[in-house]
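I opened this notebook to keep a record of what I looked up, entry by entry. The sequence and structure come first, and my notes come after.

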Amino acid sequence: MVSNGDELLLFGGFDNWDVAFRDVLRYDIKGNDWSFVTQMPVFLTGHTALMGSDGLVYIMGGSFLAGRNEFNSAESSYAYDTVGGVFIELPELNEPFRYGGGSELEDGRIMLWGGNDQGEGVQSVRSLQAWEMDVSLSSSSVKQGGNV
């Protein structure tokens with residue numbers, strides 16, 4: 001679940017019977033109301049979701065089945081565009097990642113750590129370059145005596 005202004009967005013998950021979901025739900029904080037938004041491209045549970053400073057929700061790792069010892073998938077990494085309402089497929093993770101933590105670094109990398117792989121603790125730390133900033137300024141950018 002991620003915070004997006006006055007709303008929370010919930011991506012996938014599983015129920016009491018270990019049935020995985022692909023629904024994206026919206027919780028309106030002020031209105032105290034849940035609503036359906038869309039569906040993810042895959043059923044997903046045990047993943048990490050975080051809101052990036054670029055306005056995309058990064059949904060990393062997880063698997064298609066619930067339960068701590070179920071199989072993992074390295075192919076379940078997406079970004080969700082909250083404005084356009086579309087999912088963007090991201091590069092595969094180099095190894096399975098479930099039930100871990102994640103954060104965005106100032107240089108645009110998404111860092112992932114911890115979690116488990118079929119019941120075994122994961123010690124590695126991974127990162128994905130989500131965005132880069134390139135800025136240039138030249139004499140033709142602004143008239144002499146002007147500001148940027």
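The entries below go from the whole chain to one sheet and then to two loop residues.

**Entry 1, the chain.** I note at the outset that this is a predicted model. I looked up the secondary structure and found 0 helices and 13 strands, so that line of inquiry ended with a pattern written as β-β-β-β-β-β-β-β-β-β-β-β-β along the sequence. For the overall extent I took the principal axes, along which the C-alpha atoms fill a box of roughly 70 × 40 × 20 Å. I then turned to burial and surface: 32% of the 148 residues count as buried, while the chain exposes about 8900 Å², with carbon and sulfur atoms supplying 49% of that area. Among contacts between residues at least 6 apart in sequence, I found that 38% join residues at least 24 apart.

**Entry 2, one sheet.** I looked up an open sheet of 3 strands, which has the order 9-10-13 and antiparallel pairing. Its edge strands are strand 9 (101-104) and strand 13 (125-129), each of which pairs on one side only. Neighbouring strands of this sheet are turned by 20 degrees against each other on average, direction ignored. Going into the pairing itself, I found 5 bridges joining strand 10 (residues 109-113) to strand 13, the two running antiparallel, and I traced Ile110 to its bridge partner Leu128 in strand 13.

**Entry 3, His47.** I located His47 in the loop between strand 4 (33-39) and strand 5 (48-51). Is His47 buried or exposed? The relative accessible area of His47 is 17%, and because the cut-off for buried is under 20%, His47 counts as buried. Leaving aside neighbours within four places in sequence, I listed its contacts as Phe11, Gly12, Gly13, Ile59, Met60, Gly61 and Gly62. With Phe11 there is also a polar approach, in which the side chain of His47 reaches the backbone oxygen of Phe11 at 2.7 Å.

**Entry 4, Gly100.** I placed Gly100 in the loop between strand 8 (86-89) and strand 9. Its relative accessibility is 24%, and because partly exposed covers the range between 20% and 50%, Gly100 counts as partly exposed. Which residues is Gly100 in contact with, leaving aside its neighbours within four places in sequence? I found Thr48, Trp113, Gly114 and Gly115. I also checked Gly100 against Ala66, which is 34 residues away in sequence and 15 Å away in space, C-alpha to C-alpha.

Notes:
Residues are numbered from 1 along each chain as its sequence is written. This is a predicted model: local features need pLDDT of at least 70, side-chain atom pairs count only at pLDDT 80 or more; totals for chains, interfaces and linings use all residues. Side-chain values use heavy atoms; hydrogens and water are left out. Buried means under 20% relative accessible area, exposed over 50%, partly exposed in between (1.4 Å probe, protein chains only). A polar contact is a pair of N or O atoms within 3.5 Å; within protein, one must be able to donate a hydrogen and the other to accept it, and residues adjacent in sequence count only if both atoms are side-chain atoms. Contact means heavy atoms within 4.5 Å. Two strands pair if DSSP finds at least two bridges between them. Axes are lines fitted to C-alpha atoms, for helices over the stretch in contact, and angles run from 0 to 180 degrees between N-to-C directions. Accessible areas come from the Shrake-Rupley method with a 1.4 Å probe; for residues, only the protein chains shown count as cover.
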